[in-house]
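Subject: Structure handover

Hello,

Here is the structure for you to look over. My notes follow below it.

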Amino acid sequence: MPEVTSPYKPGTPCWVDLMVPDQQAALDFYRDLFGWQGEVGPPETGGYAVCTLNGKAVAGIMKAMSPDGGPTPPTAWTTYLATADVDASQEKIAKAGGTVMMPAMDVMTLGRMCVAADPTGAVFGLWQARDFGGAQVVNEPGSVIWSELNTSDTGAAAKFGKAALGLEAKPMEGAEGYYSLSADGRVVGGMQGLDQLPPGTPSHWLTYFSVDDTDSVVDALVRAGGNVLKPPFDMMAGRMAVVTDPQGGAFAVINATAPAP
């Protein structure tokens, strides 16, 4: 199993979590789909559930709560990028034209975080690790294997990513319109425009989970009440599909034939 044993470099996706109306239903769904183990956490953490795969932390699931009596946030997976200093990164985000949605805050002794959006509206989180470094297993069936920025303006997103997050965007060879995102010289994700997506799709980060068999996982997802946004298809990195869980959280699954970068 590809366990993560060293700290994540700044700019590298290091964690994902799901905000969802029915937390227990989501825990049950992802347990059956990916084999995760997780339970509602204690009150002091807002019930946040850290899900594990073979005993290693892989993702978080939390109940969506209405801030200050406003509307409940939509069901969504959030990608967190590692940073050495959340507060300094937060300043860079504002200077580069991004929006800080949830200012820097401590999460007990685990780390420090914030949530922001780039100038095209794609929401992401930042994680400054202390006691908790992030996902402890990746690139293994049932865990995150790829993170992708889908944006209405690749030029603006690339400029912001470099200035605020230290991410370098470069055209990916053999994939027209697709860009690699690199942190400290290592490819850590991808970026593309919204032209291949349904009209009206907002800018967003999409999480890819590794699976052994894309078609069978999609079949199981549909039986469990999920929906298919893009049916299984073959592409340069493997066979993938884009789906939603029963509560609307969108993600991709892929049986990767190309090695993870």
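Two strands count as paired here if DSSP finds at least two bridges between them. By that rule, E12 and E15 (residues 250-256) pair in the parallel sense, over 3 bridges. One residue pair fixes the register: Tyr208 has Ala252 in E15 as its bridge partner. Please keep in mind that this is a predicted model.

**The sheet**

Which order do the strands take in the open sheet of 8? The order is E9-E10-E11-E8-E12-E15-E14-E13, and the pairing is mixed. E9 (167-171) and E13 (227-235) are the edge strands, each pairing on one side only. From one strand to the next, the twist averages 25°.

Start at the E9 side. E9 and E10 run antiparallel and are joined by 5 bridges. Leu167 stands opposite Ala183 in E10.

Next come E10 and E11. Their pairing is antiparallel too, over 6 bridges. Tyr178 stands opposite Gln192 in E11. These two strands form a hairpin, with 2 residues between them. Asp184 sits in that turn and has a positive phi of about 55°. Keep that residue in mind for the salt bridges.

E11 then meets E8 (residues 144-151). Here the strands run parallel, and 4 bridges join them. Glu148 faces Gly190 across this pairing, with Gly190 in E11.

On to E8 and E12. They pair in the antiparallel sense over 6 bridges. Ser147 stands opposite Thr207 in E12.

Is E11 largely enclosed or open to the outside? Of its 8 residues, 6 are buried, so E11 is largely enclosed by the rest of the structure. E12 (residues 204-210) gets a similar verdict: 6 of its 7 residues are buried, so the strand is largely enclosed as well. The cut-off for buried is under 20% relative accessible area.

One general point for reading the faces. In a regular strand the side chains alternate between the two faces of the sheet.

**Helices on the sheet**

H3 (residues 154-165) lies across E8, E9, E10 and E11. H3 runs at about 145° to E9. H4 packs on the sheet as well, touching E13, E14 and E15. The direction of H4 makes about 10° with that of E14.

**Salt bridges**

How many salt bridges does a search of the whole structure find? The search finds 10. The following are worth a look.

- Lys56 and Glu3: their side chains meet at 3.5 Å, N to O. Lys56 lies in E3 (residues 56-63) and Glu3 in the segment before E1 (13-20), so the pair ties together parts that are 53 residues apart in sequence. Lys56 is partly exposed, at 27% relative accessibility. Glu3 is also partly exposed, at 42%.
- Lys9 and Asp184: the closest N and O atoms are 3.7 Å apart. Lys9 lies in the segment before E1, and Asp184 is in the loop between E10 (178-183) and E11 (186-193), so this bridge ties together parts that are 175 residues apart in sequence. Lys9 is partly exposed, with a relative accessible area of 48%. Asp184 counts as exposed, at 61%. This is the Asp184 of the hairpin turn, the residue with the positive phi.
- Asp215 and Arg239: the side chains meet at 2.6 Å, N to O. Asp215 is in H4 (residues 214-223) and Arg239 in E14 (residues 238-244), 24 residues apart, so the pair links distant parts of the chain. 
- Burial of that pair: Asp215 is partly exposed, with a relative accessible area of 30%. Arg239 is partly exposed too, at 26%.
- A network: salt bridges link Asp87, Asp106, Arg112 and Arg130.

**Where to look**

Begin with the hairpin of E10 and E11. Then follow Asp184 to Lys9, its salt-bridge partner. After that, turn to H4, which touches E13, E14 and E15. The bridge between Asp215 and Arg239 is found there, with Asp215 in H4 and Arg239 in E14.

Best wishes

Technical notes: Residues numbered from 1 in each chain as written. Predicted model: local features only at pLDDT ≥ 70, side-chain atom pairs only at ≥ 80, totals over all residues. Heavy atoms only, no water. Salt bridge = Lys/Arg side-chain N within 4 Å of Asp/Glu carboxyl O. Buried < 20%, exposed > 50% of the residue type's maximum accessible area, 1.4 Å probe, protein only. Axes fitted to C-alpha atoms, helices over the stretch in contact; angles between N-to-C directions. Contact = heavy atoms within 4.5 Å.
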